[in-house]
Amino acid sequence: RLVAGHPVIAAEVVYAARHEYCQTACDFVARRTRLAFLDVAAAEAALPAVTKLLAKELGWGRWRAARELVDARRFLDTFKV
């Protein structure tokens with residue numbers, strides 16, 4: 001599991017990248033799994049693993065992976081009250 005208490009697994013990230021045209025960490029946590037809407041803290045906890053898996057699948061370099069992590073965290077900040 002990517003994060004305790006939720007059924008999202010690493011294979012879903014790989015599948016989304018390979019077969020569903022998932023191109024960003026935000027896309028995965030918000031649209032593919034809805035984790036961002038269900039539990040923001042869990043989505044934040046999952047981001048490093050999600051980013052690492054997407055980077056491997058999509059051939060991102062260090063800079064792109066770091067940028068994705070920052071962008072996804074900013075996106076999740078918009079859900080906080």
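## Getting started

Where does arginine 74 lie? Arginine 74 sits in helix α5, and we'll come back to that residue further down. Before going on, keep in mind that what you have in front of you is a predicted model.

## The overall picture

Let's begin with the whole chain. The protein chain has five helices and zero strands, and reading along the sequence gives the pattern α-α-α-α-α. Its radius of gyration is 11 Å, close to the 12 Å that the globule rule gives for 81 residues, so the chain is as compact as a globular protein of that length. If you drew a box around the C-alpha atoms along the principal axes, it would come out at roughly 35 × 25 × 20 Å.

What about contacts along the chain? Take the contacts with a separation of 6 or more: 58% of them are between residues 24 or more positions apart.

## Inside and outside

Of the 81 residues in the protein chain, 41% are buried. The accessible surface comes to about 5,000 Å², and carbon and sulfur atoms account for 55% of that surface.

Then there are the charges. The protein chain carries 13 positive and 9 negative charges, and the mean positions of these two groups are 4 Å apart.

## Helix α2 and its cover

Helix α2 is a good place to zoom in. It runs over residues 25-32, and six of its eight residues are buried, so the helix is largely enclosed by the rest of the structure. Which residues of α2 are the buried ones? They are Ala25, Cys26, Asp27, Phe28, Val29 and Ala30.

As for what covers those buried residues, the list includes α1 (10-19), α3 (35-38), α4 (40-58) and α5 (62-77).

## Two cysteines, no disulfide

How many disulfides does the structure hold? The count is zero. Cysteine 22 is in no disulfide, and the nearest cysteine sulfur, that of cysteine 26, is 9.8 Å away. A disulfide needs the two sulfur atoms within 2.5 Å, so the 9.8 Å between cysteine 22 and cysteine 26 rules that pair out. Likewise, cysteine 26 is in no disulfide, with the sulfur of cysteine 22 as its nearest cysteine sulfur.

Are these cysteines buried or exposed? Cysteine 22 has 0% relative accessibility and counts as buried. Cysteine 26 is buried too, with a relative accessible area of 16%; the cut-off for buried is under 20%.

## Back to arginine 74

Now for the residue we opened with. Arginine 74, in helix α5, is exposed, with a relative accessible area of 51%. Exposed means over 50%, so that value of 51% puts arginine 74 in the exposed group.

Arginine 74 also links back to the cysteines. Arginine 74 and cysteine 26 are 48 residues apart along the chain, while their C-alpha atoms are separated by 9.6 Å.

## Two buried residues in α4

Helix α4 offers two residues to look at. Threonine 51 has its place there and is buried, with a relative accessible area of 5%. Leaving out residues up to four places away in sequence, threonine 51 touches Ala25, Trp60, Ala65, Glu68 and Leu69. Ala25 is one of the buried residues of α2.

Alanine 43 lies in α4 as well, and its relative accessible area is 0%, which makes alanine 43 buried. With the same neighbours in sequence left out, alanine 43 touches Val29, Leu35, Ala36 and Leu76. Val29 is another of the buried residues of α2. Alanine 43 and alanine 11 are 32 residues apart in sequence, and in space they are 16 Å apart, C-alpha to C-alpha.

## Positive phi in the loops

Two loop residues are worth a look for their backbone angles. Tyrosine 21 is not a glycine, yet it has a positive phi of about 60°. You'll find tyrosine 21 in the loop between α1 and α2, and at 68% relative accessibility it counts as exposed.

The other is arginine 34, in the loop between α2 and α3. Arginine 34 is not a glycine either, and its phi is positive at about 65°. At 44% relative accessibility, arginine 34 counts as partly exposed.

Note on methods:
Residues are numbered from 1 along each chain as its sequence is written. This is a predicted model: local features need pLDDT of at least 70, side-chain atom pairs count only at pLDDT 80 or more; totals for chains, interfaces and linings use all residues. Side-chain values use heavy atoms; hydrogens and water are left out. Helices (H or I, at least four residues) and strands (E, at least two) are DSSP runs, numbered from the N terminus. The radius of gyration is taken over C-alpha atoms; the globule rule is 2.2 Å times the number of residues to the power 0.38. Buried means under 20% relative accessible area, exposed over 50%, partly exposed in between (1.4 Å probe, protein chains only). Contact means heavy atoms within 4.5 Å. Accessible areas come from the Shrake-Rupley method with a 1.4 Å probe; for residues, only the protein chains shown count as cover. Lys and Arg count as positive and Asp and Glu as negative; His and the chain ends are not counted. The place of a charge is taken as NZ of Lys, CZ of Arg, CG of Asp or CD of Glu.
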